[in-house]
Amino acid sequence: MVLPSHHQVVLPHPLHPYFLLPCCLLFFLASRPTVTIFLNLLHHLSILAASITVKDELFYGFLRPWLGQSLLLSNGEDWSRRRRLLTPAFHFDILKNYVKIFNHSTDIMHSKWRRLVAEGQSRQDMFSHISLMTLDSLLRCTFSYNSNCQESSSEYVAAIFELSTLVIERRGCILHHWDWLYWRSPEGQRFKQACSVVHRFTKTVVQERRAQLLHQGEPERHTDTTGGEEKRKRVADFIDLLLVSKDEEGHGLTDEEIKAEADTFMFAGHDTTASGISWVLYNLSQHQDYQDRCRTEVNDLLQDRKTEDLDWSDLSSLPFTTMCIKESLRLHSPVSAVTRRYTKDITVPGGRVIPQGSICLVSIYGTHHNPEIWPDPDVYNPMRFDPENSKDRSSHAFIPFSSGPRNCIGQKFAMAEMRVVVALTLRRFRLTPGGVEVRRLPQLVLRAEGGLWLTTDKPHTCSSLSQMDIKLTGTCCFSQV
Ligand code: HEM
């Protein structure tokens with residue numbers, strides 16, 4: 001049986017407005033059949049080859065002028081080649097060097113919070129602080145660039161925020177879907193302007209780094225900790241790794257390709273991670289018992305240490321904090337759905353056929369709220385991720401990073417950053433609800449209407465800590481909570 005056009009299939013739970021809206025949008029806008037996918041079919045569809053499963057222009061096309069032909073937007077053989085070339089840059093041997101950066105960016109954000117609390121402003125919008133912090137760390141990991149964006153304004157960072165907002169606005173304005181009209185509108189002009197700021201920045205870094213590589217050779221790939229003092233050499237960042245990456249025939253990425261990938265990391269990596277962290281902190285502010293348990297976990301881990309820096313090996317010693325993060329990614333997934341188009345007819349179990357060219361909306365929100373897999377799906381319960389409770393669960397039941405060959409390449413990076421930020425935040429602050437009702441606002445990532453306001457209790461005092469200490473050493477010495 002072939003599914004008729006605009007047919008919705010496999011809805012194992014009542015329709016929620018959260019999906020109904022995007023689905024209706026698809027229904028009206030797409031000239032192709034539209035299918036919404038939940039768990040039952042996910043397993044079958046996510047193992048399909050990447051050459052059959054492509055990104056549709058309807059959802060992803062507006063990003064193209066900004067991100068170019070990058071991993072996120074490419075298809076088929078081009079995508080496979082890029083994925084092979086980029087994967088080594090996300091090996092844990094590389095990622096472990098970034099944990100220092102996560103600590104440092106978190107320290108800067110916390111010193112800002114302390115200052116605000118001292119000035120009597122204990123209610124903070126998590127999203128605005130955390131987005132700046134994740135941008136700060138991504139700029140360091142991607143370009144080795146210290147933008148100081150958490151402390152002062154930056155043209156580049158303003159352009160990234162502007163582009164994200166304009167993409168959302170364009171999606172919501174049907175007339176602006178038409179390129180001819182959009183590029184003549186004030187919004188289109190602003191988009192062009194912001195793109196040129198971002199592209200100029202990335203292009204300059206790539207060109208400079210290519211020249212540096214020619215003259216000075218490759219930078220260190222790992223931080224050498226043998227013999228006590230760490231080497232002070234610059235550690236390879238994403239740009240360095242992409243410059244030296246080669247395929248089986250010895251071909252590397254061109255400057256234009258590296259620029260597209262770096263822009264994509266900035267886009268795909270900062271808002272998603274900021275949303276993930278903000279919602280964990282929100283959920284823990286609602287559940288003081290879980291918050292206390294996480295705090296005890298990190299305090300026990302850092303007991304008797306000279307500094308508060310977490311390193312890569314510490315991350316596996318935060319099992320309960322990790323469970324709290326995963327449960328938050330389930331309940332408040334930063335990305336609520338992804339879409340795919342199939343280049344040939346796909347027969348699914350039961351004999352039904354998804355016709356070639358259909359746009360399939362894979363609902364991450366729906367999958368994570370399916371009561372058949374997640375009893376009381378709206379309840380925040382980290383114990384769902386206790387290894388004992390998750391051993392029989394399908395690997396397709398929890399998909400915040402999507403699944404299959406086109407899953408998130410940055411998921412280990414994101415999980416590492418989330419663990420560092422959440423653990424250090426709970427060690428230093430007690431979070432309580434900010435007294436404003438929090439309502440979900442699904443945009444490119446899941447936000448909260450009017451911001452996500454939480455109260456950060458006064459940090460524990462420590463006479464030897466000042467903002468200067470944090471800037472110079474990147475470490476902190478609070479007494480145990
Ligand atoms: C909590 C944080 C994150 C979440 C929830 C998340 C989620 C996702 C999802 C759902 C996809 C699939 C998108 C699609 O198919 O349209 C994706 C893809 C991708 N993500 Fe992430 N992501 C996160 C962090 C990151 C980070 C930190 C980076 C890079 C530094 C990154 C880079 C990418 C890239 C390049 C892709 C495209 C992969 C491909 O098509 O092969 N993401 N992410």
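A residue is buried if 20 or more other C-beta atoms lie within 10 Å of its own, and exposed if 12 or fewer do. The views below use these words for a predicted model.

**View 1. The whole protein chain.** The protein chain is built from 19 helices and 11 strands. It has 481 residues, of which 42% count as buried. Of the contacts in the chain with a separation of 6 or more, 75% are between residues 24 or more positions apart.

**View 2. Helix α5 and its two sides.** Helix α5 spans residues 76–86, and its buried residues are W79, R82, L85 and L86. These four lie on the same side of α5 because they cover an arc of only 130° around the axis. E77 and R84, on the other side of α5, are exposed. The packing partner of the buried residues of α5 is α13, residues 255–286.

**View 3. The largest nonpolar core, with L281 in the centre of the view.** In soluble globular proteins, nonpolar side chains tend to be buried together. The largest nonpolar core in this model has 105 residues, and the members that touch the most others are V280, L281 and V422. Helix α13 supplies the largest share of this core, 14 residues. Which residues is L281 in contact with, leaving aside its neighbours within four places in sequence? They are M126, V422, T425, L431 and L454. V422 thus appears twice in this view: as a contact of L281 and as one of the core members with the most touching partners.

**View 4. The open sheet of β3, β11 and β8.** Three strands form an open sheet in the order β3-β11-β8, and their pairing is antiparallel. The edge strands, β3 (123–125) and β8 (431–433), each pair on one side only. Direction ignored, neighbouring strands of this sheet are turned against each other by 40° on average. Between β8 and β11, which covers residues 453–456, the antiparallel pairing comprises three bridges. One bridge to show here links T432 with its partner T455 in β11. Helix α13 lies across β8 and β11 and runs at about 80° to β8.

**View 5. The shell around the ligand.** The ligand is surrounded by 22 residues, and the closest are G269, T272, C408, G410 and A414. Two or more residues of the shell come from each of the elements α13 and α18, the latter being residues 411–428. Which element gives the most to the shell? Helix α13 does, with seven residues. Helix α13 has appeared in earlier views as well: the buried residues of α5 pack against it, and it lies across β8 and β11.

**View 6. S147 in a loop between two helices.** S147 has its place in the loop between α8 (126–143) and α9 (155–172). Is this loop residue buried or exposed? S147 counts as buried because it has 20 C-beta neighbours inside 10 Å, and the cut-off for a buried residue is 20 or more. Not counting residues up to four places away in sequence, S147 touches D136, L139, S154, Y156 and V157. For S147 and V157, the separation in sequence is 10 residues, and the C-alpha to C-alpha distance is 8.5 Å.

**View 7. Strand β7, covered on both faces.** Strand β7 runs through residues 359–363, and five of its five residues are buried. Its two faces are both covered. On one side the buried residues are I359, L361 and S363, and on the other they are C360 and V362.

**View 8. Strand β4 and its partners β7 and β2.** Strands of a sheet pair through backbone hydrogen bonds, either parallel or antiparallel. Strand β4 covers residues 337–342 and runs antiparallel to β7, to which five bridges join it. Among the pairs in view, A337 has S363 in β7 as its bridge partner, and R341 stands opposite I359 in β7. Strand β4 is mostly covered, with five of its six residues buried. How many bridges pair β2 with β4? Two bridges pair them, in the antiparallel sense, with β2 made up of residues 53–54. In this pairing T53 stands opposite Y342 in β4.

Terms used: Residues numbered from 1 in each chain as written. Predicted model: local features only at pLDDT ≥ 70, side-chain atom pairs only at ≥ 80, totals over all residues. Arc of directions from axis to C-beta. Contact = placed C-beta atoms within 7 Å. Core = buried A, V, L, I, M, F, W, Y, C linked by C-beta atoms within 7 Å. Pairing = 2+ DSSP bridges. Axes fitted to C-alpha atoms, helices over the stretch in contact; angles between N-to-C directions. Near = placed C-beta within 6 Å.
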